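Here are some points for your reading of this model, set out one by one. Please keep the structure open beside them as you go.

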Amino acid sequence: MKKYIVAIICMVLLLSACSNHNKKEETNNKDTVTIKKTYEYKDKNKDHKRGQKKTETIKIPKNPKKVIVMDYGALDIMQDLNLQNRITAIPKGPNGDFLPSYLSKFKDDKYTNLGNPGRPNFEKIAEENPDLILISFRQAYTKNLEEFKKAAPNAKVLYVSPDDDRYLDSIKENANNIGKIFEKESETKSLIKKLDKKVSTVKNKINNDTVMFANIDQKGIKTYGQTGRYGGFLSGDLGIKHIDPDMPANSSGQVVSYEYIANKNPDKIFYINRTDQDTKDLPQALKNPVIKNVNAIKNNDILKFDANSWFFGAGGISATIKQLDDIEKAY
């Protein structure tokens, strides 16, 4: 009889322990967000070709108090969701010069400046002791990922740059993830609805003109493929006709000659000016006599985009709507 009673007591204790474990696991699941993310990462900082694919599943505690934001798209989303008080540090460049105008409030000294987005200051990151670090493709290199772990061993590190080959969908996915982490799902849904409406409006205005997206810097005129950076958005999502379907994707852009531009003869040129002489006037690079008979030049169908917004600020909801405003003007 005693053995029988002991067995019953053991069984009750075991069931109670299992129940408590399940409750604890349930509570943990309620307090965390599980995110599965696939992104490109590379071994070297100077390689602008496609990187290897890396898939991670990360459990992130909800409502982290101290967040370092290395990606301006994520910064834009957090601003839209009124989460500025969670942000402690951002890479702003010298005097905040890299920040697009719509993120100018983050120039405030209360947000630690981590320097250049491509070369993070890991000593300052360690001083911040963050709970969460949101990184972009500019930091997704093997060495950097190791340095983040050393500098902030207790922080969760989440990649939040958009996927260039599914650009708009990945922006919405990133926004939803941030919304879940900070329990702002309803506000995120409203932002995405606004973006979808703008995309629909712009797509209806796009015609069959061929377009060259030019990045003008000290090396000359660069352009991008119809997939990958810029191409995935402009050609893939919006259906803008690219001047050269055979051009490979490259995150830094391909330097092209004036003869190339004359041969491809784009109907429109969208450009950003990243030279030291960034003025409102047409840059000298687009005044070369070799391209004077190109359709876009002859018809003055050239539109300048804000360099910081397009080069540094990709990936936010409001940022993308501003980019769509630029494109809409061109049509």
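**Notes on helix packing and strand pairing**

1. In this predicted model, helix H6 and helix H11 cross with a left-handed sense. The contact draws on Leu191, Ile192, Lys194, Leu195, Lys198, Val199, Thr201 and Val202 from H6, while H11 supplies Ile317, Thr320, Ile321, Leu324, Asp325, Ile327 and Glu328. When these contact residues of H6 and H11 are sorted by character, nine are nonpolar, two are polar and four are charged.

2. As for the geometry of this pair, two packed helices are described by the angle between their axes and the distance between the axes. Here the axes of H6, which spans residues 185-203, and H11, which spans residues 317-330, come within 10 Å and cross at roughly 15 degrees. Because angles under 35 degrees count as roughly parallel, H6 is described as roughly parallel to H11.

3. Turning to the strands, E3 (residues 67-69) pairs with E4 (residues 87-90) in the parallel sense, over two bridges, and Val67 stands opposite Ile87 of E4. Between E3 and E4 the chain passes through helix H2, residues 72-80, forming a β-α-β crossover that is right-handed.

4. Strand E4 also pairs with strand E5 (residues 112-113), in the parallel sense and over two bridges. Which residue in E5 is the bridge partner of Ala89? That partner is Thr112.

Terms used
Residues numbered from 1 in each chain as written. Predicted model: local features only at pLDDT ≥ 70, side-chain atom pairs only at ≥ 80, totals over all residues. Heavy atoms only, no water. Axes fitted to C-alpha atoms, helices over the stretch in contact; angles between N-to-C directions. Helix = DSSP H or I, 4+ residues; strand = E, 2+ residues; numbered from the N terminus. Parallel < 35°, antiparallel > 145°, perpendicular 65-115°, else oblique. Left-handed = near helix turned anticlockwise from the far one by under 90°. Contact = heavy atoms within 4.5 Å. Nonpolar A, V, L, I, M, F, W, Y, C, P; charged D, E, K, R; others polar. Pairing = 2+ DSSP bridges. Right-handed = clockwise from strand over helix to strand, strands pointing away.
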